[in-house]
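Work through the exercises below with the sequence and the coordinates at hand. Each task is followed by a solution in steps.

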Amino acid sequence: MPNKYNQTIKDEYMELEAMEQEDSPQMWHANDPDLAQQPWMKGFTQEDINAMYQLGALSKNGLIVEIKKIFDQAYSIGLQEAKELSKGKSLDIFANTSRRK
C-alpha cells in the first residue's frame, strides 16, 4: 500500500514539474522579497519553506495522502510511547524519587 501512496505523490510532483516548464510563474511568491520575509516565516529554514510550497502545489487528493501518512506516523509513535510507559510502570521507574532516598 505504501507504493500506491508514493506513486500518487510522484505523479503529483511530475505534474508540478511539467507546469513549471511552461514558463508560467507558478511560484511567483517565492521570488518576491517582500512576501518571502513575512513575520510568520522567521523561524523556518529554506527546507521548511520549500516543503510548504510543495504541499501547497499538491492536488486535493495528494494532500489527503500526505495527511494520512502523517496521521499513520503519529499513531505508530503514540503506540510506541504507550509501550514504553507501560514498561516504565511495570519496572517502577516512575516511582516518587523522595521514596528512593
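**Exercise 1.** Is E66 buried or exposed?

Solution. The model is a predicted one. The relative accessible area of E66 is 14%. The cut-off for a buried residue is under 20%. E66 is therefore buried.

**Exercise 2.** Place E66 in the chain and list its contacts beyond the sequence neighbourhood.

Solution. Step one: E66 belongs to helix α5. Step two: set aside the neighbours within four places in sequence; the contacts of E66 are then I9, L55 and L58. Step three: compare with the rest of the helix. The buried residues of α5 are G62, V65, E66 and G88, so E66 at 14% relative accessible area belongs on that list.

**Exercise 3.** Find the salt bridges of the structure and describe each pair.

Solution. Step one: searching the whole structure gives two salt bridges.

Step two: take the pair K69 and E66. Their closest N and O atoms are 3.8 Å apart, which fits the criterion because the limit is 4 Å. Both residues sit in helix α5, which covers residues 60–90, and they are three residues apart, about one turn of the helix. K69 has a relative accessibility of 27% and is therefore partly exposed, while its partner E66 is buried at 14%.

Step three: take the pair E84 and K87. Here the closest N and O atoms are 3.6 Å apart. This pair also lies in helix α5, with a spacing of three residues, about one turn of the helix. E84 is partly exposed at 45% relative accessibility, and K87 is partly exposed at 47%.

**Exercise 4.** Check the end-to-end length of α5 against the expected span, then inspect what follows the helix.

Solution. Step one: α5 has 31 residues, and at 1.5 Å a residue the expected span is 45 Å. The factor applies to one less than the number of residues. Step two: the end C-alpha atoms of α5 are 45 Å apart, so the two values agree. Step three: just after α5, D92 has a positive phi of about 60°.

**Exercise 5.** Which residues make the nonpolar surface patch of about 420 Å², and where is F94?

Solution. Step one: the patch consists of L85, L91, I93 and F94. Step two: F94 is located in the loop between α5 and α6, the latter being residues 97–100. Step three: the relative accessibility of F94 is 55%, so this residue counts as exposed.

**Exercise 6.** Determine the separation of K10 and G62 in space and along the chain.

Solution. Step one: K10 is part of helix α1, residues 2–20. K10 is partly exposed, its relative accessible area being 49%. Step two: G62 is among the buried residues of α5. Step three: K10 and G62 are 52 residues apart along the chain, and 9.6 Å separates their C-alpha atoms.

**Exercise 7.** Summarise the chain as a whole.

Solution. Step one: the secondary structure amounts to six helices and zero strands, in the order α-α-α-α-α-α from the N terminus. Step two: of the 101 residues in the chain, 13% are buried. Step three: among contacts with a separation of 6 or more, 41% join residues 24 or more positions apart. Step four: the exposed area of the chain is about 8700 Å², of which carbon and sulfur atoms supply 56%.

Technical notes. Residues are numbered from 1 along each chain as its sequence is written. This is a predicted model: local features need pLDDT of at least 70, side-chain atom pairs count only at pLDDT 80 or more; totals for chains, interfaces and linings use all residues. Side-chain values use heavy atoms; hydrogens and water are left out. A salt bridge is a side-chain nitrogen of Lys or Arg within 4 Å of a carboxyl oxygen of Asp or Glu. Helices (H or I, at least four residues) and strands (E, at least two) are DSSP runs, numbered from the N terminus. Buried means under 20% relative accessible area, exposed over 50%, partly exposed in between (1.4 Å probe, protein chains only). Contact means heavy atoms within 4.5 Å. Accessible areas come from the Shrake-Rupley method with a 1.4 Å probe; for residues, only the protein chains shown count as cover. Patches are made of residues with over 30% relative accessible area and no salt bridge: like charges are joined within 9 Å, nonpolar side chains (Val, Leu, Ile, Met, Phe, Trp, Tyr) within 5 Å.
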